[in-house]
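User: I have not seen this structure before. Can you take me through it in plain terms?

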Amino acid sequence: MNNMVERMKSNIKKNYLFSFLMNMRLSSGLWMIYMAFKGMSLTQIGFLEGIFHVTSLTMEVPTGSVADLFGRKLSRTIGRCLSLASILVLIGATSFFHFTIFMVLAALSYNLESGSGEALVYDSLKYLKTEENFISVLGRQEAIFQVSSVAALLLGGFLGTYNYHYAFWVSAGIIAFSAVYSLSFTEPPILESVGRNSKTFRGFLKQIADSFSIIARDRKVAFLIFFVQTILAFSACIFFYIQNYWKGLGRTEFQIGIYLAAGSFLAGLVAMKVQRLSHLLKEKKVLIILPLISVASMWGVALCSNKLPFFMVVTMIEAMLFVAGNDYINKLIPSRSRATIISFASMMYSLVMIVFFPIFGRIADTVSFGVAFISLAVMTSCLYVLSMYLLKKIG
């Protein structure tokens, strides 16, 4: 018993380092620029991102069920291996088809981690009867995530200035190490135990159906998934397209890396304050105020010539909403379906990206980045108005 308690505590500590390693993706601030360098148009890049999210949309829930039925540890280890495969494909990619394979593998690796890692941490805390600390743990984890993002963006931008492949090979080495490190975790006992018969194809389908029914019955869970994931997706559109906007202005990869790193650094700082903010404002006010600031900042990106300060605010609010939203969702769902339901949330994110990411890319390609950013701000404003109406009805 005491041995298991120590292992669950160790899971929490180990996950901080794993989060750092997992986000040391030196390619994150380069892949869109790299694809353009390889001859891809913004429209093609938009479609490639769409392929990533189509794969994610179709595989997110099945991979979440794999984590619930066969283990969070196994799921994230396989995810790391696929991430390594994806970066190796990116290194050798020369065509749209090659980039498609890269996107599919990257999506599958993301799917296998998205529900399993969070579920592993939450259920470790639940075993220790300290799940009320999850928002604090997630805040620190997000801060570490953003610190590693700062390091990755700066180092990736610096190496990319000389040769994109330098950054990609360093990233491959870090991913390989993280795959080995993932084997050190201990699978947490799921309190609502999963029976042996569940580990069949019929049990697999039942797991998905039961998880969906939980979302369908609980309007709070459904609202949080829809609202938070859509805001996060629109923020991601800003993050990716603003890289090419700055590149078009003549900024170097290293300069762009500094801009992105500054946003990530500030996001890491505010992520650790979400628990205090949540206690101060309570959940409903957090869901009203933070997205409103995000909407205002997106209008700043759209209309102001100096977009950097507004981009930083968008990045900070994204980190805070991620922490707060995931904490609220995890409080409402059972452990037996945790990874699957979290995967439903990621599926919502992918659905929004599939629809809107190529649209904004097409607008930027054929009209201008300015019009694309205005279109994004308009859509985010409409989403906010709709969500405030739904929030009022849910109560």
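User: Which residues is Met35 in contact with, leaving aside its neighbours within four places in sequence?

Analyst: This is a predicted model. In it, Met35 is in contact with Met40, Ile45, Leu48, Phe99, Phe102 and Met103, once neighbours within four places in sequence are left aside.

User: And which residues touch the most other members of the largest nonpolar core?

Analyst: Met35, Phe168, Trp246, Phe311 and Phe373 do, in a core of 119 residues.

User: Which helix gives the most to this core?

Analyst: Helix α10, residues 219-248, with 19 residues.

User: Let's stay with that helix. Gln229 is in α10 too. Is Gln229 buried or exposed?

Analyst: Gln229 has 8% relative accessibility and the cut-off for buried is under 20%, so Gln229 counts as buried.

User: What does Gln229 touch, not counting residues up to four places away in sequence?

Analyst: Leu224, Asn326, Ala345, Ser346, Met348 and Tyr349. There is also a C-alpha distance to mention: Gln229 and Glu318 are 89 residues apart along the chain, and their C-alpha atoms are separated by 9.8 Å.

User: New topic, aromatics. How many aromatic pairs are there?

Analyst: The count comes to 24 aromatic pairs. Take Phe158 and Tyr162 as one of them: the ring centres are 5.4 Å apart and the planes are at 70 degrees.

User: Why is that pair called edge-to-face?

Analyst: Because the planes of Phe158 and Tyr162 are at 70 degrees, and planes over 60 degrees apart count as edge-to-face.

User: Where do those two sit?

Analyst: Both are in helix α7, residues 134-162. Phe158 and Tyr162 are 4 residues apart, so about one helical turn separates them.

User: How accessible is Phe158, and how accessible is Tyr162?

Analyst: Phe158 is at 39% relative accessibility, so Phe158 counts as partly exposed. Tyr162 is at 60%, so Tyr162 counts as exposed. There is another edge-to-face pair, Phe239 with Phe240, at 5.3 Å centre to centre and with 80 degrees between the planes.

User: Are Phe239 and Phe240 buried or exposed?

Analyst: Phe239 and Phe240 are both buried. They belong to one aromatic cluster together with Trp31, Tyr241, Trp246, Tyr259, Phe311 and Phe357.

User: Okay, cavities. How many of 30 Å³ or more are there?

Analyst: There are 3 cavities of 30 Å³ or more. The second largest has a volume of about 50 Å³.

User: Which residues line the second largest cavity?

Analyst: Tyr241, Phe360, Ala364, Phe369, Ala372, Phe373 and Leu376 line the second largest cavity. The elements giving two or more residues to this lining are α14 (338-366) and α15 (369-394).

User: Which element has the largest share of that lining?

Analyst: Helix α15, with 4 residues. Two of the lining residues have come up before: Tyr241 is in the aromatic cluster, and Phe373 is among the core residues that touch the most other members.

User: Last topic. What lies over the face of Phe185?

Analyst: Arg76 does, at 4.8 Å from the ring centre. Asn15 touches both Arg76 and Phe185, as well as Val121 and Gln141, not counting residues up to four places away in sequence.

User: Where is Asn15, and is Asn15 buried or exposed?

Analyst: Asn15 lies in helix α1, residues 2-22. Asn15 has 2% relative accessibility, so Asn15 counts as buried.

Notes:
Residues numbered from 1 in each chain as written. Predicted model: local features only at pLDDT ≥ 70, side-chain atom pairs only at ≥ 80, totals over all residues. Heavy atoms only, no water. Phe/Tyr/Trp six-rings, centres within 6.5 Å; stacked < 30°, edge-to-face > 60°. Buried < 20%, exposed > 50% of the residue type's maximum accessible area, 1.4 Å probe, protein only. Lys NZ or Arg CZ within 6 Å of the ring centre and 35° of its normal. Contact = heavy atoms within 4.5 Å. Core = buried A, V, L, I, M, F, W, Y, C linked by side-chain atoms within 4.5 Å. 1 Å grid on protein atoms, 1.4 Å probe; cavity = no way out; pocket = protein on both sides within 12 Å on 5 of 7 lines; lining within 4 Å. Points joined across faces, edges and corners; volume = space filled by probe spheres on them.
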